[in-house]
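This report describes selected local features of one protein model. Please consult the sequence and the structure shown below.

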Amino acid sequence: MAVRASRAWPLVRPVYALVSPLVDLRSLAYGLKTRGGPEVASMPRARDRGDPPVCGEARRDGRAGGERVGDFVLYRIVGNDLWPRHRVGQSRENVAWILEHEPELAGCEKRWVVNRIVDSGEEEAILRLLEDAGRPYVHIPFRWDEYRAVDWDVFGVPAEYAPGTRGFQQLSELMQGRVLMRLYRHKNNYVMNNNGARNAALRDGRGRAEWVLPWDGNCFVTREAWDEIVAGVRARPERPYHIVPMARITGNEDLLRAGFRPEAKEEPQVLFHRDAREEFDEGFFYGRRPKVELLWRLGVKGPWDDWPREPWDLDFPEFAAEAGCYNECGWVARLFSGRKEQEVSKGAAAFHNRGRARVDAIEAMLRRADELAFDPALNPQDLCVVKQAKLASDGAAPSVRDALVKCASEALKRGPFSVVDKTTRPPSGDVHDYWHPAPYYWPHPLRIPGLPYVARDGERVPGTRLYEPESDRYDRTRVQRLFDDGLVLALAQEVTGDERYGQHAARLVRRWFLNEDTAMNPHLEYAQVMRGHNRNRGASAGIIEFKDLYYFLDGMRLLLRNGALTDTDRTGLENWLGQYLEWLRSSPQGIGERASENNHGTYYDLQVASIAAFLGEWRLVRETLRDSRSRILAQFAPDGRLPNELARTTTAHYECFTIQGWIHLARLAESVGEDLWSFEGPEGQGLRRGMEWLLQHMGKPWPYQQIDAFDEERFCPILLAYREKYGEPPVDLDATPTANEVKPVFFPHDGIPPFWQYTLQWDA
């Protein structure tokens with residue numbers, strides 16, 4: 001069979017070195033209660049199904065117990081090396097050792113399955129070994145186009161345990177790894193193809209022999225072990241399944257000693273009659289009981305009956321029709337993995353070590369595969385939400401362009417801005433720290449000790465309203481001017497060619513981010529501070545004050561493209577953003593904001609994804625968008641409502657504001673080849689249904705609490721985004737304006753970018 005290299009994997013070995021610090025071989029108490037997570041002791045076990053049925057007297061195909069046994073065909077399935085579970089090159093070394101040392105087995109043909117090996121060099125070396133030895137094989141190639149089409153198993157993780165949630169944070173490190181493994185399930189099943197390859201061997205073997213052994217690539221059979229297996233099969237030939245216990249070996253040379261008989265007590269291999277009805281369930285993935293699932297179905301008793309089903313695990317199967325119809329016989333050796341601490345130990349340490357190493361190895365493998373599969377044409381400087389085509393001279397109506405030039409001319413008269421310009425100092429005393437008090441927390445009128453503040457949802461403390469004179473005391477107004485003017489000036493230069501706009505925008509960037517005397521420290525430690533609370537640190541919710549960074553970064557891309565910002569500026573800006581991104585992902589405020597279950601979580605994802613895209617951190621972009629899908633399941637009700645936003649006092653505002661955040665995130669996702677527009681949960685939860693629910697209220701009295709005035713024109717950008725992606729919404733609407741007939745600039749709290757028309761592909 002011809003070997004075709006799919007794609008080289010030149011960085012595989014450096015990646016092993018990079019992920020090695022992730023491996024923590026400390027004992028992780030499997031079966032103990034996690035840090036506030038699910039109670040393991042109360043989780044269901046396979047044993048809860050009761051005893052398996054007893055195999056009936058009816059013989060397979062009418063065969064009698066003493067019938068002559070036919071030939072055997074043994075398949076070894078060779079797949080990817082998984083460091084740190086295995087040594088690099090371990091699979092190839094196992095093949096070579098078996099070919100050199102395993103004896104011929106009477107009545108048995110030996111065949112191989114070369115199973116989706118990503119590293120084309122290793123694959124070619126293994127195929128060469130088999131061909132030189134004259135051994136037949138089935139080749140299942142790895143294909144990048146197929147892998148790119150494989151999606152996440154978002155639905156398999158309960159929303160309360162999705163990465164970043166409070167539930168996820170309470171899990172042990174090992175369980176967090178298992179949650180990630182479930183998200184990677186479909187990708188795992190493609191790359192590792194564990195049960196898929198077993199079934200390929202089983203189906204190929206049924207036409208070749210009476211008995212089929214679809215076994216792991218590291219299985220070694222001594223002549224004595226084979227004699228025991230054959231004797232067991234001949235003793236019970238009417239049984240369609242024979243269970244062969246496995247022994248872990250720490251020295252392969254021991255297998256060459258005559259009479260060597262290790263204790264075989266590990267998870268067994270399965271031997272099938274060609275008429276056996278059952279196959280391996282290809283939904284079960286490597287590292288999470290893929291073979292055990294068949295043992296459960298067949299009623300094979302073992303320690304796996306006491307393994308708990310965690311909330312993100314696949315369900316236990318029902319007993320099969322042939323449950324109980326098996327025989328146990330012989331033994332097989334598992335060649336040394338190269339990691340002694342994972343093979344033998346006192347107590348259960350080796351078992352835990354193997355489990356942890358397996359989780360780390362699979363995650364590292366699949367992350368690397370994702371990196372290599374990602375579109376190499378992606379460029380960090382490609383626009384994420386602004387549409388390049390709309391920036392052409394005929395891309396927007398003259399009225400919109402005229403308004404843009406007018407706004408840009410006004411922006412020329414403002415700034416440049418800096419955090420050092422505020423008239424009060426943050427709690428840290430460092431004027432370079434961004435600082436703003438919590439807007440809805442008022443001093444308690446009774447000054448009760450320990451309760452210095454009282455929350456008034458929707459009512460802003462003086463000085464926290466944008467553009468009011470007192471707001472000069474803090475930084476919120478300045479950063480909004482920075483974001484808005486930065487985008488407007490960059491758009492104006494692109495549309496008009498007037499370099500004055502770009503030059504002034506560049507001054508804004510340098511004074512806020514780059515000049516040592518005026519630059520903001522790259523964190524939001526003092527955003528939305530409640531004095532006397534949390535050591536005068538800011539709240540997680542303060543991170544939303546940078547919610548508009550995503551469109552500002554599109555402006556920066558235009559400035560870099562047009563030369564207003566230099567390569568030196570780019571380096572400095574990337575350095576600042578990299579430090580801020582690290583703070584977003586590791587600080588208590590950032591961790592808390594990521595776990596937020598309302599609009600704050602959506603706008604957190606938007607910030608992280610937009611910065612990661614600007615920096616070319618594509619893995620983080622993908623993982624953020626993956627978790628945004630889980631966030632959709634948690635935020636949206638099946639009918640499209642956002643229950644957490646309807647619990648507020650300004651519900652019309654928060655419904656529109658949150659939907660806008662999802663629209664921006666979906667546009668960013670689209671720019672990197674991901675699709676949030678069409679994502680739907682099992683009950684229909686998704687952006688489309690959320691937009692439809694909201695738009696049914698357009699032009700009608702709002703039926704929920706809204707204590708502030710509400711700009712009903714805010715429905716228009718949502719309607720026009722809907723039309724662009726889905727067509728006419730299934731709601732009754734009167735005549736509605738086109739994009740060019742709607743005002744181009746909304747109030748910043750509305751979550752609509754200035755000159756949002758440039759984010760539409762066309763004018764609906």
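Buried means under 20% relative accessible area, exposed means over 50%, and partly exposed lies in between, with a 1.4 Å probe and protein chains only. The model is predicted: local features need pLDDT of at least 70, side-chain atom pairs count only at pLDDT 80 or more, and totals for chains, interfaces and linings use all residues. Residues are numbered from 1 along each chain as its sequence is written, and side-chain values use heavy atoms, with hydrogens and water left out.

Arginine 626 is buried, at a relative accessible area of 4%. This residue belongs to helix α19 (residues 618-635); helices (H or I, at least four residues) and strands (E, at least two) are DSSP runs, numbered from the N terminus. When residues up to four places away in sequence are not counted, arginine 626 has contacts (heavy atoms within 4.5 Å) with Trp152, Val154, Pro163, Leu180, Leu183 and Tyr184.

Two residues other than glycine have a positive phi: arginine 116 and asparagine 536. The table sets out their values.

| Residue | Phi | Relative accessible area | Loop |
|---|---|---|---|
| Arginine 116 | about 45 degrees | 14%, buried | between β2 (108-115) and α3 (120-133) |
| Asparagine 536 | near 60 degrees | 24%, partly exposed | between β13 (526-529) and α15 (549-562) |

A further backbone feature is the cis peptide bond between glycine 415 and proline 416, for which omega is about 0 degrees. Proline 416 is located in the loop between α12 (398-411) and β10 (435-437).
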